[in-house]
Amino acid sequence: MTNQSKDCSRRDFMKTSVTVAALSALPLGLSNKTYAAGSGRVRVGMIGCGGRGTEAATNCLQADDGVEIVAMADAFQDRIDRSLATIKQWCEKNSTPLAQRMRATPETTFLGFDGYKKLLALKDVDVVLIATPVCFHPVHLAAAIQAGKHAFVEKPAGVDPPGMRKVIEAGELAKQKGLAIVAGTQRRHQAKYLQNAHAVGQGAIGKIKGGRVWWCGGGSSNPPRRASGQGDAEYLIRNWYRFSMMSGDHIVEQHVHNLDVANWFLGRPPVQALGFGGRARRQGGNQYDFFSVDLDYGDDVIVHSMCRQVKGCYTQVSEQFLGTEGSVWGDGKLAGKQVAVPEFEEKGGPYVQEHRDLIKSIRAGKPLNEARNLAESTLVAIMGRISAYTGQVVRWSDLTKNEKSPWYNLTLKPTPLDFEQGTVVAPLENVIPLPGEA
Ligand SMILES: NC(=O)c1ccc[n+]([C@@H]2O[C@H](COP(=O)([O-])OP(=O)(O)OC[C@H]3O[C@@H](n4cnc5c(N)ncnc54)[C@H](O)[C@@H]3O)[C@@H](O)[C@H]2O)c1
């Protein structure tokens with residue numbers, strides 16, 4: 001696409017939204033903090049306006065009456081168009097005046113792989129919603145925090161160990177700057193999970209000795225589709241769920257939710273992982289169909305993780321932990337000692353509640369910071385993936401401390417910089433990592 005890096009033109013924007021003419025200009029001159037802390041407007045910029053980004057925008061609108069979408073950035077015009085149409089529909093369905101909630105204008109809408117930089121340069125953006133493909137999250141989050149914006153960042157945190165260390169650094173910088181980071185690991189904002197986590201913390205099941213976490217579900221085995229004339233960058237972006245360098249593979253992209261619950265309930269990350277995986281059904285792309293990983297949390301505590309994306313097989317998406325005095329399902333039944341558990345708020349479901357918690361924390365001047373939890377849960381998934389791909393035991397320290405480890409600096413390519421510089425080369429397809437020897 002030759003016009004990728006051009007800002008969204010006024011003509012294109014007008015074509016896509018009949019309401020744009022009615023949008024009023026943003027009042028200028030007040031600092032981020034004036035707007036975001038207190039009871040006024042919260043001005044939100046979207047980075048990545050695809051399926052989840054658009055849904056996150058409507059969740060955020062629902063979370064707080066002061067929220068306004070004031071800027072949008074996406075690689076492609078059609079995604080902006082679809083996102084605008086969906087937000088318009090949401091406003092109609094909720095009898096909400098579109099012009100009050102959707103204030104993005106052609107001047108605050110940016111196309112291309114560097115559009116996020118232009119959005120972040122806008123003074124009148126308080127919060128960004130980052131919902132780009134996984135490989136971009138570390139760079140987009142770090143840039144948002146550098147630019148002084150509060151952030152909601154979708155899970156997972158990224159695809160490789162250097163990316164995770166970047167997210168942890170961004171989290172530390174956010175603390176210094178008084179900025180919030182909330183992650184799309186929505187189970188941490190879901191009342192039943194919060195109740196069970198609290199009860200486990202109070203000793204309701206004794207000491208956790210082990211557990212099982214699953215994301216075994218369906219998944220399309222159809223190959224990715226390349227439209228005629230489509231370059232490698234666009235092809236990878238439009239099919240990012242099929243490529244491990246874009247998604248981290250599904251153990252990272254999807255199973256991170258359950259691995260996050262394991263870290264949360266155990267209160268620590270594992271010390272090592274040994275796993276395997278493979279593929280038999282998929283066509284195209286370069287991901288595995290399934291992973292099975294033993295996570296050693298030290299102190300004789302093992303959690304088994306399994307994930308599969310194959311149609312027509314047994315499905316299970318949950319977590320179970322076994323303690324010395326009982327057991328618990330992540331958001332289900334707890335069998336153990338009675339302990340007092342407070343009420344936890346969950347209005348509109350966890351996808352809305354995470355935005356309520358984000359905005360409440362900003363308004364209260366007590367910014368939430370979930371960067372480390374997100375990075376560590378993602379790193380567990382990356383550890384499992386590396387073990388399955390290589391057939392080796394992978395230690396936590398190999399990814400966090402041991403600079404001599406072959407995986408410490410493992411960087412998946414193409415990188416976000418390749419997308420910005422136009423140096424993207426798509427990988428060979430149907431070629432997957434094979435551990436061991438024949
Ligand atoms: N929390 C959850 O339950 C949940 C559910 C679904 C997806 N997700 C996560 O949300 C993220 C997005 O997933 P999706 O399903 O919306 O994907 P999607 O493909 O529908 O949307 C991604 C959007 O980002 C745009 N994009 C790509 N690179 C960009 C860049 N460099 N700058 C700006 N825009 C860019 C794409 O054009 C696309 O519009 C992923 O991290 C995914 O794992 C989370």
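How many residues surround the ligand, and which are the closest? This is a predicted model, and in it 27 residues surround the ligand. The closest are Gly 48, Gly 50, Arg 52, Arg 79 and Glu 154. Three elements give two or more residues to that shell: helix H3, residues 51-63, strand E2, residues 67-74, and helix H6, residues 115-120. H3 supplies the largest share, three residues. By character, the shell holds 13 nonpolar, eight polar and six charged residues.

Where does the ligand lie relative to domain 1 and domain 2? Domain 1 covers 10-187, and domain 2 covers 190-344 plus 372-421. Both give residues to the shell, so the ligand lies between them.

Next, strand E5, residues 150-153. His 150 and Phe 152 point one way from this strand, Ala 151 and Val 153 point the other way, and all are buried. That is the usual pattern: in a regular strand the side chains alternate between the two faces of the sheet.

E5 has a parallel pairing with strand E4, residues 127-130, over four bridges. Within that pairing, Phe 152 in E5 is the bridge partner of Leu 129. To get from E4 to E5 the chain passes through helix H7, residues 137-146, in a right-handed β-α-β crossover.

E5 also pairs in the parallel sense with strand E6, residues 181-183, here over three bridges. Phe 152 appears again, with Val 182 in E6 as its bridge partner. The connection is helix H8, residues 161-177, and E5, H8 and E6 make a right-handed β-α-β unit.

Just before E4, in the loop between H6 and E4, is Asp 126. Is Asp 126 buried or exposed? A residue needs 20 or more C-beta neighbours within 10 Å to be buried. Asp 126 has 28 inside 10 Å, so Asp 126 counts as buried. For scale, its C-alpha atom is separated by 35 Å from that of Val 317, which is 191 residues away along the chain.

Now the core. The largest nonpolar core has 117 residues, and Leu 129, Ile 130 and Ala 151 touch the most other members. Helix H15, residues 371-390, gives the largest share of this core, eleven residues. Domain 1 and domain 2 each contribute at least three residues to this core. As background, nonpolar side chains in soluble globular proteins tend to be buried together.

On to helix H13, residues 256-266. Why describe H13 as largely enclosed by the rest of the structure? Because eleven of its eleven residues are buried. The buried set is not purely nonpolar by name: among them are His 257, Asn 258, Asp 260 and Asn 263, along with Trp 264 and Phe 265. After H13 comes Gly 267, with a positive phi near 80°.

Last, the open sheet. Eight strands form it, in the order E13-E12-E11-E7-E10-E9-E8-E14, with mixed pairing. Strand E13, 334-335, and strand E14, 394-395, stand at the edges with a single partner strand each, so one side of each has no neighbour in the sheet. Inside that order, strand E9, residues 290-296, and strand E10, residues 302-309, run antiparallel and are joined by seven bridges. Phe 290 stands opposite Arg 308 in E10.

To return to the opening point, the shell around the ligand draws on both domain 1 and domain 2, and so does the largest nonpolar core.

Conventions: Residues numbered from 1 in each chain as written. Predicted model: local features only at pLDDT ≥ 70, side-chain atom pairs only at ≥ 80, totals over all residues. Near = placed C-beta within 6 Å. Domains from an automatic or database assignment. Buried ≥ 20, exposed ≤ 12 C-beta atoms within 10 Å, placed from the backbone. Pairing = 2+ DSSP bridges. Right-handed = clockwise from strand over helix to strand, strands pointing away. Core = buried A, V, L, I, M, F, W, Y, C linked by C-beta atoms within 7 Å.
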